[in-house]
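The following report takes up side-chain pairing, burial and the arrangement of the secondary structure. Please read it alongside the coordinates.

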Amino acid sequence: MKQTISYDFVQGNSCVAVAKVLEQAQVTPLSITFRQTEFDNVTVKFNTTEDAIRFTEVYLDSEDPVDIMEYVVDDALTHLEELRPA
């Protein structure tokens with residue numbers, strides 16, 4: 001399922017910050033939109049919910065499903081549970 005999520009990148013160069021998260025998460029987005037706003041200044045469109053979850057885990061530095069669900073919607077909790085080792 002495609003996911004489009006907005007994030008707050010407050011670093012001076014949000015392009016570099018987004019690139020670092022993408023590299024660490026090993027995710028290739030469908031698109032990235034940058035805005036000149038204080039909040040929700042970067043919108044990322046992901047091909048899959050799993051990609052959105054991986055990016056958000058790195059962005060938040062958290063694997064807690066409650067934290068991830070603040071960003072990733074719909075069937076994300078199910079996917080998080082499936083991705084966790086037994």
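R54 forms a salt bridge with D51, the closest N and O atoms being 2.5 Å apart, where a salt bridge is taken as a side-chain nitrogen of Lys or Arg within 4 Å of a carboxyl oxygen of Asp or Glu. By this rule the count comes to one salt bridge. The two residues, R54 and D51, both lie in helix α2, three residues apart, which is about one turn of the helix; helices (H or I, at least four residues) and strands (E, at least two) are DSSP runs, numbered from the N terminus. Side chains of opposite charge can pair when their charged atoms come close.

This is a predicted model, in which local features need pLDDT of at least 70 and side-chain atom pairs count only at pLDDT 80 or more, while totals for chains, interfaces and linings use all residues. Residues are numbered from 1 along each chain as its sequence is written, and side-chain values use heavy atoms, with hydrogens and water left out.

Burial is stated by relative accessible area: buried means under 20%, exposed over 50%, and partly exposed in between, with a 1.4 Å probe and protein chains only. Four residues located in helices are listed below.

| Residue | Helix | Relative accessible area | Class |
|---|---|---|---|
| E23 | α1 | 64% | exposed |
| D51 | α2 | 13% | buried |
| R54 | α2 | 32% | partly exposed |
| T56 | α2 | 0% | buried |

T56 touches I5, Y7, I68, Y71 and V72, not counting residues up to four places away in sequence, a contact being heavy atoms within 4.5 Å. For E23, the C-alpha atom is separated by 9.7 Å from that of V58, although the two residues are 35 apart along the chain. Buried residues make up 37% of the 86 residues in the protein chain.

The secondary structure of the protein chain comes to four helices and three strands, and read along the sequence it follows the pattern β-α-β-β-α-α-α. The three strands form an open sheet in the order β1-β3-β2, with antiparallel pairing; two strands are said to pair if DSSP finds at least two bridges between them. The edge strands are β1 and β2 (31-34), each of which pairs on one side only. Neighbouring strands of this sheet are turned by 15° against each other on average, direction ignored, with axes being lines fitted to C-alpha atoms, for helices over the stretch in contact, and angles running from 0 to 180 degrees between N-to-C directions.

β1 and β3 pair in the antiparallel sense over five bridges, and here the bridge partner of T4 is K45 in β3. β2 and β3 also pair in the antiparallel sense, over four bridges; on β3, V42 stands opposite F34, and V44 stands opposite I32. Why is β3 described as largely enclosed by the rest of the structure? Four of its five residues are buried, so β3 is largely enclosed. As for the helices, α1 lies across β2 and β3, running at about 150° to β2, whereas α2 lies across β1 and β3, running at about 15° to β1.

The largest nonpolar core holds 18 residues, of which Y7, F9, F46 and F55 touch the most other members; such a core is a set of buried Ala, Val, Leu, Ile, Met, Phe, Trp, Tyr and Cys residues joined through side-chain atoms within 4.5 Å. The elements that give two or more residues to this core are β1 (3-7), α1 (14-25), β3 (42-46) and α2 (49-60), and its largest share, five residues, comes from α1. Not counting residues up to four places away in sequence, F46 touches K2, Q3, I5, Y7, V27, L30, D51, A52 and F55, so that D51 of the salt bridge is also one of the contacts of F46.Rings of Phe, Tyr and Trp (its six-membered ring) pair if their centres lie within 6.5 Å, and planes under 30 degrees apart count as stacked, over 60 as edge-to-face and the rest as tilted. By this rule the count comes to seven aromatic pairs. One of them joins Y7 and F9 edge-to-face, at 6.4 Å centre to centre with 65° between the planes, and both Y7 and F9 are buried. Ring pairs link Y7, F9, F46, F55, Y59 and Y71 into a cluster.
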